[in-house]
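Got your viewer open and a stick representation ready? Keep the selection box handy and follow along.

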Amino acid sequence: MKTQIKTVIALAASLLLLSGCTPGQRRAAENVMDHLTPPPKDWYAETVNYYIYGAQTGWRDESLYGDLSQEIKDPENHAGYCLADLNGDGTDELLIGFNDGDDITRFLEIYIYHPDLGDHVYRSFNAAGEGYYIYLCEGNVVRLDWEYPGRDEPQSDYMKLNKDVTSGWPIQQYDSDPPKPQKCDIIAFDSFAAASESGS
């Protein structure tokens with residue numbers, strides 16, 4: 001919990017610093033981003049292990065998994081993860097989702113590494129709520145579907161992650177033919193659970 005609070009504070013501070021920049025200062029900040037030391041290859045390992053442990057223990061630990069989506073916990077969904085460089089900065093983002101037999105993959109979490117936060121990872125984007133889903137579309141466009149009171153169909157917002165991740169997810173406008181959601185190959189958390197059982 002303390003790590004999450006520090007993370008939120010660090011993200012808020014970064015956004016405040018960037019919001020007051022002139023265009024020239026913004027360009028300078030972007031150039032700095034181009035030359036930062038890349039993150040460790042396994043920066044997301046602790047987060048993936050959190051989900052693997054949940055699958056191995058049947059998500060029983062309420063203190064760890066009480067707020068986690070039931071769709072992630074549902075063994076029939078075979079929830080897992082995949083990696084994708086969503087903004088072309090050379091660093092993969094970590095996407096948590098599931099393939100439930102449909103022809104597209106639904107994601108509920110996207111984690112991003114940012115060097116300003118040292119070794120910490122912050123949860124940049126999540127679909128927290130009934131009827132909220134994230135889809136990875138053609139061209140690394142992210143679509144967020146969310147229920148809107150009084151409407152029969154969910155609202156869809158299309159976004160792309162900025163190269164400087166502290167600048168967020170600008171909305172993409174499409175007059176017609178928005179990019180289509182894709183089915184992604186995910187590595188299922190329960191496959192690690194099965195491997196550990198067969199090895200014991």
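This tour goes through an arginine and its surroundings, then some aromatic rings. Keep in mind that you're looking at a predicted model.

**Stop 1: Arg106.** Select Arg106, which you'll find in strand β3, spanning residues 106-113. Is Arg106 buried or exposed? With a relative accessible area of 15%, Arg106 falls under the 20% cut-off, so it counts as buried.

Now show the side chains around Arg106. Which residues does Arg106 touch, once you skip its neighbours within four places in sequence? The contacts are Gly97, Phe98, Asp100, Tyr133, Ile134 and Tyr135.

Three of these deserve a click each. Start with Asp100: its side chain and that of Arg106 are joined by a polar contact of 3.1 Å. Next comes Tyr135, whose side chain makes a polar contact with the Arg106 side chain at 3.5 Å. Then pick Tyr133 and look at the ring: the charged end of Arg106 sits over it, 5.2 Å from the ring centre.

**Stop 2: Arg143.** Stay on Tyr135 and add Arg143 to the selection. Arg143 lies over the face of the Tyr135 ring, 4.7 Å from the ring centre. So Tyr135 has a polar contact with the side chain of Arg106 and Arg143 over its face.

**Stop 3: Trp43 and its partners.** Time for rings. How many aromatic pairs does the structure hold? The count is 10. Take Trp43 and Tyr44 as one of them: the ring centres are 5.5 Å apart and the planes meet at 85 degrees, so this pair is edge-to-face. Both partners are buried, Trp43 at 9% relative accessibility and Tyr44 with a relative accessible area of 17%.

Keep Trp43 selected and add Tyr113. Here the centres are 5.8 Å apart and the planes are at 55 degrees, so the pair is tilted. This pair links distant parts of the chain, 70 residues apart: Trp43 is in the loop between α2 (23-34) and α3 (45-56), while Tyr113 is in strand β3. Tyr113 counts as buried too, at 11% relative accessibility. Strand β3 will be familiar, since Arg106 is found there.

**Stop 4: an aromatic cluster.** For the last selection, show Tyr50, Tyr51, Trp59, Tyr65, Tyr81 and Phe189 together. These residues form one aromatic cluster.

Methods: Residues are numbered from 1 along each chain as its sequence is written. This is a predicted model: local features need pLDDT of at least 70, side-chain atom pairs count only at pLDDT 80 or more; totals for chains, interfaces and linings use all residues. Side-chain values use heavy atoms; hydrogens and water are left out. Helices (H or I, at least four residues) and strands (E, at least two) are DSSP runs, numbered from the N terminus. Buried means under 20% relative accessible area, exposed over 50%, partly exposed in between (1.4 Å probe, protein chains only). A polar contact is a pair of N or O atoms within 3.5 Å; within protein, one must be able to donate a hydrogen and the other to accept it, and residues adjacent in sequence count only if both atoms are side-chain atoms. Contact means heavy atoms within 4.5 Å. Rings of Phe, Tyr and Trp (its six-membered ring) pair if their centres lie within 6.5 Å; planes under 30 degrees apart count as stacked, over 60 as edge-to-face and the rest as tilted. A charge sits over a ring if NZ of Lys or CZ of Arg is within 6 Å of the ring centre and within 35 degrees of the ring normal.
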